[in-house]
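Thank you for making room for this on the agenda. I would like to go through one structure with you, starting from a term that we shall need and then building up from the strands to the core.

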Amino acid sequence: MADSKQIENSFERSVFTEFFTKIEIDNKNVRVRCKLCPPATKQTYSCALNSTANLKKHLQCSSCGT
């Protein structure tokens with residue numbers, strides 16, 4: 001079983017770190033803010049450290065200007 005440090009490193013190596021700023025890590029989840037969304041947007045997004053599916057879905061939406 002992977003320890004939390006290995007899981008964290010998996011997230012850090014993902015391509016999504018280019019588009020998101022990490023705010024905090026809580027247990028096995030990470031809370032981020034999209035770098036492509038307008039600065040006035042205060043909304044944060046969350047995903048599992050070992051799965052970036054939620055981040056991919058956000059980038060595919062039209063709200064972040066991609």
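When I call a residue buried, I mean that its relative accessible area is under 20%, and exposed means over 50%, with partly exposed in between. With that in hand, please look at strand S3, where Tyr 45 and Cys 47 point to one face and are buried, while Ser 46 and Ala 48 point to the other face and are not. In a regular strand the side chains alternate between the two faces of the sheet.

I should say at once that this is a predicted model, and everything that follows is to be heard in that light. The protein chain has 66 residues, of which 26% count as buried. It contains two helices and three strands, and read from the N terminus the order of elements is α-β-β-β-α. The accessible surface of the chain comes to about 4,600 Å², with 48% of that belonging to carbon and sulfur atoms. As for contacts between residues at least 6 apart in sequence, 30% of them join residues at least 24 apart.

Let me turn to the sheet. The three strands form an open sheet in the order S1-S2-S3, with antiparallel pairing; strand S1, residues 20–26, and strand S3 are the edge strands, each pairing on one side only. From one strand to the next, the twist averages 30°.

Between S1 and S2 there are six bridges, and one pairing to look at is that of Lys 22, whose bridge partner in S2 is Val 32. These two strands form a hairpin with two residues between them, and Asn 27, in the turn, has a positive phi of about 60°.

Between S2 and S3 there are four bridges, again with the strands running antiparallel. Here Asn 29 has Ala 48 as its bridge partner in S3, and Arg 31 has Ser 46. The loop between S2, residues 29–34, and S3, residues 45–48, contains Gln 43, which is partly exposed, at a relative accessible area of 47%. The C-alpha atoms of Gln 43 and Val 32 are separated by 9.1 Å, the two residues being eleven apart along the chain.

What, then, does helix H2 touch when it packs on the sheet? The helix touches S1, S2 and S3, and its direction makes about 140° with that of S3. Within H2, residues 53–60, the residues Leu 55, His 58 and Leu 59 are buried. These three lie on the same side of H2, because they cover an arc of only 95° around the axis. Lys 57 and Gln 60, by contrast, are exposed on the other side of the helix.

That brings me to the largest nonpolar core, which has eleven residues, namely Phe 16, Phe 20, Val 30, Val 32, Cys 34, Cys 37, Tyr 45, Cys 47, Leu 49, Leu 55 and Leu 59. S2, S3 and H2 each supply at least two residues of this core, and the largest share, three residues, comes from S2. Several residues we have already met return here: Tyr 45 and Cys 47 were the buried pair along S3, and Leu 55 and Leu 59 were among the buried residues of H2. Val 32, the bridge partner of Lys 22, is also one of the core residues.

How values were computed:
Residues are numbered from 1 along each chain as its sequence is written. This is a predicted model: local features need pLDDT of at least 70, side-chain atom pairs count only at pLDDT 80 or more; totals for chains, interfaces and linings use all residues. Side-chain values use heavy atoms; hydrogens and water are left out. Buried means under 20% relative accessible area, exposed over 50%, partly exposed in between (1.4 Å probe, protein chains only). The arc is that of the directions from the helix axis to the C-beta atoms. A nonpolar core is a set of buried Ala, Val, Leu, Ile, Met, Phe, Trp, Tyr and Cys residues joined through side-chain atoms within 4.5 Å. Two strands pair if DSSP finds at least two bridges between them. Axes are lines fitted to C-alpha atoms, for helices over the stretch in contact, and angles run from 0 to 180 degrees between N-to-C directions. Contact means heavy atoms within 4.5 Å. Accessible areas come from the Shrake-Rupley method with a 1.4 Å probe; for residues, only the protein chains shown count as cover.
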